[in-house]
Amino acid sequence: MATATDNAVTTSASDTAPAGPPRRGNDRWRGTATVVLLRFAVIVVAVVLWQVMSGPVVPEYAVSRPTDVAHALSGLLGSQAGWTDIRVTAVEVLAGFGLGVAAGTVTGLLLGSFPLAGRVLEPLVAALNGIPKIALAPLFLLFFGIGAWSKITIAMTGVAFVVFYNVYLGLRLRERELVEVVQVMGGRRHHVLGYVTIPTLAAPFFAALKTGGPLAILGVIGGEFIASSEGVGHQLFTAAQNLDAASEFAGLIILVAMTLILNGALTALDTYALKRLGLAARRRTPRPAPPR
């Protein structure tokens, strides 16, 4: 009789116990919502402090006010000239980024696939990489003028070196044993490429893309600062000359938005590609509780 009672109590307790996975899923969503709310709270506090301290603590002509910045941003987004500047800068960034990724990938694959060429040319590449990219801007301006191609070339140069080193070092760190195993099993070059090379290079390649995105924006804005007739960099330079802090911050907000959009697109591409390659981090599924 006592045994039956104990079994009934145990059975009822196990029936009413909550399942593990749904609870963990709810905790995950609750944690994400908390992080988003905290980020929003930090931004709100920073904007409020900026509004209150502008004038009494910090000179208003140097930092403006959030209300003035919002007015300047709405005027910039509401004008045709403002959207022309955004379009010009976006095209230059995308073109420079794409060309830089292509140049860096091809160069890294070539020097990484041929060890002798890598040993000969790697010091020369390192020497060229040591030159500040913005220092090359006057040279590119002489070659291509003040048009878009000079800014595209500056952006391409910065991105190409980052992608090159990630691809080149990724090939050098490729495990030779895996290549030999594939070759012993009868695999050819395309098998080595698909089963060893691409999985090895995937993570450093996408890391290079995320690093190269801001570098492309930096190169374009730097070139537009030096010599340009349109673009967000030109708008920032004009606002600085006119001591217009509100328009300066409005341009910076646009650059931040462009950076976030580019980084978000690269993150989505990274997640999709790694998932297709089977390299995405697998979530740990909770094990069911053992029966009592």
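**Helical architecture and aromatic pairs**

Helix H8, formed by residues 148-172, contains 25 residues and should therefore span 36 Å at 1.5 Å a residue; the C-alpha atoms at its ends lie 36 Å apart, in agreement with that expectation. The model analysed here is predicted. Cover over H8 is extensive in the sense that the helix is mostly covered, with 19 of its 25 residues buried.

Helix H6, comprising residues 115-129, provides a second case for the same type of analysis. Its 15 residues reach 20 Å from the first C-alpha to the last, close to the 21 Å expected at 1.5 Å a residue. Helix H6 bends by about 40° at Leu 121. A proline, Pro 123, follows the site of this bend within four residues.

Both helices belong to a protein chain whose secondary structure comprises 12 helices and 0 strands. Read from the N terminus, the order of elements is accordingly α-α-α-α-α-α-α-α-α-α-α-α. The protein chain has 292 residues, of which 32% count as buried. Among contacts in the chain with a separation of 6 or more, 69% are accounted for by residues 24 or more positions apart. The accessible surface of the chain amounts to about 18,800 Å², and carbon and sulfur atoms contribute 68% of this area.

Aromatic side chains were examined next. A search of the whole structure identified 6 aromatic pairs. One of them joins Phe 164 and Tyr 165, whose arrangement is edge-to-face, with 5.1 Å from centre to centre and 70° between the planes. Phe 164 is buried, since its relative accessible area is 3%, under the 20% limit. Phe 164 and Tyr 165 also form one aromatic cluster together with Tyr 168.

A further pair is made by Phe 205 and Phe 206, with ring centres 5.5 Å apart. The planes of these two rings stand at 75°, and the pair is therefore classed as edge-to-face, for which the angle must be over 60 degrees. The two partners fall into separate accessibility classes: Phe 205 counts as partly exposed at 21% relative accessibility, whereas Phe 206 is buried with a relative accessible area of 9%. The assignment of Phe 205 follows because buried residues have under 20% relative accessible area and exposed residues over 50%, with partly exposed residues in between.

Technical notes
Residues are numbered from 1 along each chain as its sequence is written. This is a predicted model: local features need pLDDT of at least 70, side-chain atom pairs count only at pLDDT 80 or more; totals for chains, interfaces and linings use all residues. Side-chain values use heavy atoms; hydrogens and water are left out. Helices (H or I, at least four residues) and strands (E, at least two) are DSSP runs, numbered from the N terminus. The expected span of a helix is 1.5 Å times one less than its number of residues. Buried means under 20% relative accessible area, exposed over 50%, partly exposed in between (1.4 Å probe, protein chains only). The bend at a residue is the angle between axes fitted to the seven residues ending there and the seven starting there. Contact means heavy atoms within 4.5 Å. Accessible areas come from the Shrake-Rupley method with a 1.4 Å probe; for residues, only the protein chains shown count as cover. Rings of Phe, Tyr and Trp (its six-membered ring) pair if their centres lie within 6.5 Å; planes under 30 degrees apart count as stacked, over 60 as edge-to-face and the rest as tilted.
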